[in-house]
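Me: I am new to this structure and would like to understand the words used to describe it. Please set each value against its cut-off as we go.

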Amino acid sequence: MLEEDRQARRGGSRCVAPPWWEFFNFKVVNALVDDNDNSIFGAIFEYKPSAYSYHRSMDRSPRYVIAFRGTLIKLGNGLHHTGHFRTAIKAVLDLVSVVGSSKVWLTGHSLGAAMAMLAGKNMAKRGNFLEAFLFNPPYVSPPIERIKNKKVRHGLRFAGTLIKAGIAFAAAASDNHNNSNGIQYSSFAAISGWIPCLFVNHLDPICSEYIGYFKHRKKLEDIGARGLARLTSQHSLGNMAMSAVGINGIDTSEPLHLLPSANLTVNLYPCQDMISAHELHQWWRPDLNLSCSVYKYK
């Protein structure tokens with residue numbers, strides 16, 4: 001709404017964005033602005049509850065929320081290399097250095113959720129575990145979860161697991177890859193204590209594969225293949241393939257969408273189409289049908 005106000009050149013009482021945060025006792029501290037086109041891709045909000053509205057549950061409330069809106073990224077560029085990310089991570093670092101990690105929450109929708117996830121992972125590597133609420137975050141994979149036949153789904157995922165394991169073992173023959181793989185493995189395990197809250201819709205092809213990603217890993221652990229689960233859950237088949245053939249200009253070191261741990265909430269409400277399954281406003285329906293699971297990297 002901030003960006004829509006900017007594009008429509010609405011100011012003062014004509015702005016339509018402020019009521020959205022003022023109703024919940026937030027105020028905008030700073031807008032995150034793209035250096036190239038001056039578009040607003042995020043904002044820092046400060047929580048300012050009134051004195052008479054105090055409740056014990058507010059002790060766990062954030063002091064600041066950094067929110068990112070869905071943003072178009074040029075094809076061929078990862079979020080790691082965009083001006084958005086550099087601006088975002090600096091804003092997060094600066095704020096955490098002043099108020100501490102326990103007072104800052106991250107949130108975003110769609111590509112904004114990807115931005116928040118990347119910022120959260122970056123902070124987790126520094127030992128700062130920020131609360132994060134990620135709505136419909138993109139999972140870069142074919143939407144296997146939307147295949148109705150359960151046996152076919154399991155078969156495809158298991159085949160993908162074997163392929164990833166094979167590529168990883170073959171690549172490990174190189175001493176150079178052995179060193180980099182150890183760094184990546186340590187990095188993945190190091191952020192396992194960070195448990196972001198993911199909100200996905202089982203009918204949304206953009207994010208639904210998170211359901212299968214965590215379920216399949218748990219299934220491998222349950223049958224005694226924990227080592228295989230640990231190895232393959234930190235690798236993306238697409239990234240491994242690009243790395244194997246030596247594609248230049250694309251960061252293949254760490255797939256953004258893969259997470260060691262998560263608090264996964266799935267919306268099972270029967271949406272009309274894929275667009276409505278991805279829209280943000282589904283999450284404030286009064287008749288939500290939700291399934292919640294916590295997955296921790298072991």
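Me: What makes Ser110 count as buried?

Reply: In this predicted model, Ser110 has a relative accessible area of 15%, and because buried means under 20%, Ser110 counts as buried. Ser110 is found in the loop between strand S4 (104-109) and H4, and its phi is near 60 degrees, a positive value in a residue other than glycine.

Me: Which other residue has a positive phi, near 50 degrees, without being glycine, and how do you know whether that residue is buried or exposed?

Reply: That residue is Asn136, whose phi is near 50 degrees and whose place is in the loop between S5 and H5. Its relative accessible area is 0%, and since the cut-off for buried is under 20%, Asn136 is buried.

Me: Which residues does Pro138 touch, leaving aside those up to four places away in sequence?

Reply: Pro138, which also lies in the loop between S5 and H5, touches Ser110, Leu111, Ala114, Ile206, Tyr210 and His257 when residues up to four places away in sequence are not counted. The C-alpha atoms of Pro138 and Ala113 are separated by 7.8 Å, although these two residues are 25 residues apart along the chain.

Me: Why are H3 and H4 called oblique to each other?

Reply: Two packed helices are described by the angle between their axes and the distance between the axes. The axes of helix H3 (residues 83-99) and helix H4 (residues 111-125) come within 10 Å and cross at roughly 50 degrees. Angles under 35 degrees would count as roughly parallel and those from 65 to 115 as roughly perpendicular, and roughly 50 degrees falls in neither range, so H3 and H4 are oblique to each other. The crossing of H3 past H4 is right-handed.

Me: Which residues meet where H3 and H4 are in contact, and how many of them are nonpolar, polar or charged?

Reply: On the H3 side they are His84, Phe85, Ala88, Ile89, Val92, Leu93 and Val96, and on the H4 side Met115, Leu118, Ala119, Asn122 and Met123. By class, this contact of H3 with H4 has 10 nonpolar residues, two polar ones and no charged ones.

Me: How many aromatic pairs does the structure hold, and why is the pair of Tyr139 and Tyr213 called tilted?

Reply: The structure holds 13 aromatic pairs. The rings of Tyr139 and Tyr213 have centres 5.7 Å apart, which lies within the 6.5 Å required for a pair, and their planes stand at 50 degrees, which is neither under 30 nor over 60, so the pair is tilted. Tyr139 lies in the loop between strand S5 (131-135) and helix H5 (150-171) and Tyr213 in helix H7 (residues 209-222), so the pair ties together parts that are 74 residues apart in sequence.

Me: What makes the pair of Tyr213 and Phe214 edge-to-face?

Reply: Their ring centres are 4.8 Å apart and their planes are at 70 degrees, and because planes over 60 degrees apart count as edge-to-face, this pair is given that name.

Me: How do you know whether Tyr213 and Phe214 are buried or exposed?

Reply: Tyr213 has a relative accessibility of 8% and Phe214 a relative accessible area of 1%, so with the cut-off at under 20%, Tyr213 counts as buried and Phe214 is buried too. Tyr213 and Phe214 belong to one aromatic cluster with Tyr139, Tyr210 and Tyr295.

Methods:
Residues numbered from 1 in each chain as written. Predicted model: local features only at pLDDT ≥ 70, side-chain atom pairs only at ≥ 80, totals over all residues. Heavy atoms only, no water. Axes fitted to C-alpha atoms, helices over the stretch in contact; angles between N-to-C directions. Helix = DSSP H or I, 4+ residues; strand = E, 2+ residues; numbered from the N terminus. Parallel < 35°, antiparallel > 145°, perpendicular 65-115°, else oblique. Left-handed = near helix turned anticlockwise from the far one by under 90°. Contact = heavy atoms within 4.5 Å. Nonpolar A, V, L, I, M, F, W, Y, C, P; charged D, E, K, R; others polar. Phe/Tyr/Trp six-rings, centres within 6.5 Å; stacked < 30°, edge-to-face > 60°. Buried < 20%, exposed > 50% of the residue type's maximum accessible area, 1.4 Å probe, protein only.
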